[in-house]
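The exercises below ask you to read a protein chain alongside its coordinates. Work each task before turning to the solution beneath it.

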Amino acid sequence: MEFFSYLYIENKRPMKRILISACLLLASLSLLGQEPSTTTTAAAPVQPSTVKCVSGPYLQNVTTDGFTVMWVSDIDALGWVELAPDDGTHFYYTDRPKYYDMTGAGINPLTKIHTVRITGLQPGTRYRYRIMMKGLRAFNGERDITFTKPFGANVYTANPPVVTTLKKDYDKLHIAIVNDIHANGEDFSKLFAEARGKYDFVVFNGDMTTTINDEMHMSVYVTPASKLFADETPLYVTRGNHEFRGLFARDWLKWFQTPTGMPYYTFQWGKFFFIALDSGEDKPDDDIEYQGMLSMDQYLHEQAEWLKGVTKSEAFKNAEVRIVFSHIPPRLKSWHGNKNICEIFVPILNEAGIDLMISGHEHNYSLCPVGTSNANFPVIVNDNVELMVLDVDGKTINFKTNDPSGAQTHKGSFPVNDKK
Ligand SMILES: [Fe+2]
Ligand SMILES: [Fe+2]
């Protein structure tokens, strides 16, 4: 009371006005989400002093002349990659060329998800790389940007990751595939515990999560994958029906760089040609569960037009082995998603000539020989939380599966269809 009395005397203002002013000040501070300050100077917002890599790096879209490095930072940052040949020199031997994120079309992005493509490389050649960042503290125009302390992946006490560009041709491939992990990080880490340097590439064939409810949710499997193998082993992904679910499902593709920029694409390792389909959701678009948020049938038909073009391409026609990844398998008289695969994609693939389709989704292993659906090629449905290893050469496709304990669960083989 003494305080307000003093103000009243010195400022000659009625007590009521002072009390109202004090209340308004407290209310405005609370609206700003701040505690009232004990001093008359407003506290400056706390700015980060460092930036960290929270997920990655991991490889995408490795080709004969380049590769893409992706990683995720805890705050928005300017990111780049330094590249060095694998020539026995220390990474600090000389200045290394820098590659920036070109997804901003000429303006370097300030982002959490970093996508840096490196091109102009030699086929079948080993390169070392290092991710670098400066976190954004304040942007007050291009001439007044404040960054955190710079971040650079450790090359003092650790060897930088090594990536090998694709060769022009391969005699055989050794491939690992999982699906329907549904964010089960513990079993995922067991399945890939010994994966470093073991496979030519790895495929995540959908439903790696259940619902993408926040912007960092994908890190539940991308982070362990990066630590276990994906910083050095090429990673390909297809989208499962569960990756259409959750508010941040709309950002799923930001975490990956495909050759088409779409969730469906092709990739080629010499004479081996792969098609990654986006098999969509499993129920009809008008199902109450989707609240009118899907246009799946139209999307799948647009994808089918793209697929027709793929099967007419010289690269496809000249390939000796053709394998398709589709999260949802074709099933006659089953759910709408299975029906879509049967009716929209399988006729195109039948006409084109396919050696094998690999699916998941059903959380049970099954082998569908030629003729058990409308497909004239075999379909393997991999169990959930099981690792399928595919060994393929120009004549035979062998597969075996194991559970997280390492116990083998299934195996089989198919001849490569030489009548294509
Ligand atoms: Fe699933
Ligand atoms: Fe699924």
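**Exercise 1. The surroundings of V69**

Task: leaving aside neighbours within four places in sequence, find which residues V69 is in contact with, and then place V69 within the largest nonpolar core.

Solution. Begin with the contacts: once the neighbours within four places in sequence are set aside, V69 is in contact with P57, L59, V81, V116, Y129 and I131. Next, turn to the largest nonpolar core, which holds 88 residues and in which V69 and L235 are the ones that touch the most other members. The largest share of this core, eight residues, is supplied by strand β2, spanning residues 67-85. Finally, consider the domains: at least three residues of this core come from each of domain 2 (53-163) and domain 3 (172-415). As background, nonpolar side chains in soluble globular proteins tend to be buried together.

**Exercise 2. Confidence and overall make-up**

Task: decide where pLDDT stays under 50, and describe the protein as a whole.

Solution. The model is a predicted one, and its pLDDT averages 90 over the protein, with 89% of the residues scoring at least 70. The stretch where pLDDT stays under 50 is residues 1-39, for which the model has 12 contacts beyond four places in sequence. As to secondary structure, the protein contains seven helices and 19 strands, while buried residues account for 36% of its 420 residues. Among contacts with a separation of 6 or more, 68% are between residues 24 or more positions apart.

**Exercise 3. An open sheet**

Task: establish the order of the six strands in the open sheet and identify its edge strands.

Solution. The order is β10-β9-β8-β17-β18-β19, and the pairing is mixed. The edge strands are therefore those that pair on one side only, namely β10 (235-238) and β19 (408-415). From one strand to the next, the twist averages 20°. At the β19 edge, seven bridges link this strand to β18 (residues 396-402), the two running antiparallel, and T401 stands opposite H410 in β19.

**Exercise 4. Strand β13 and its partners**

Task: determine how strand β13 (residues 321-325) is covered, which way its side chains point, and which strands are joined to it by bridges.

Solution. Strand β13 is mostly covered, since five of its five residues are buried. In a regular strand, side chains alternate between the two faces of the sheet. Here V321, I323 and F325 point one way and R322 and V324 the other way, and all are buried. On the pairing, five bridges join β13 to strand β12 (residues 272-276), which runs parallel to it, and F274 has I323 in β13 as its bridge partner. Strand β14 (residues 356-359) is also parallel to β13 and is joined to it by three bridges, with F325 standing opposite I358 in β14.

**Exercise 5. F248 in its loop**

Task: explain why F248 counts as partly exposed, and find which residues it is in contact with.

Solution. First locate the residue: F248 lies in the loop between β10 and β11 (265-269). F248 has 17 C-beta neighbours inside 10 Å and therefore counts as partly exposed, because a buried residue needs 20 or more and an exposed one has 12 or fewer. Leaving aside neighbours within four places in sequence, F248 is in contact with I212, N213, D214, E215 and H217. For E215, the C-alpha to C-alpha distance to F248 is 5.9 Å, although the two are 33 residues apart in sequence.

Technical notes: Residues are numbered from 1 along each chain as its sequence is written. Chains are lettered from A and ligands numbered from 1 in the order in which they are written. This is a predicted model: local features need pLDDT of at least 70, side-chain atom pairs count only at pLDDT 80 or more; totals for chains, interfaces and linings use all residues. pLDDT is the predictor's confidence in each residue, from 0 to 100. Two residues are in contact if their C-beta atoms, placed from the backbone, lie within 7 Å. A nonpolar core is a set of buried Ala, Val, Leu, Ile, Met, Phe, Trp, Tyr and Cys residues joined through C-beta atoms within 7 Å. Helices (H or I, at least four residues) and strands (E, at least two) are DSSP runs, numbered from the N terminus. Domain bounds come from an automatic or database domain assignment. Axes are lines fitted to C-alpha atoms, for helices over the stretch in contact, and angles run from 0 to 180 degrees between N-to-C directions.
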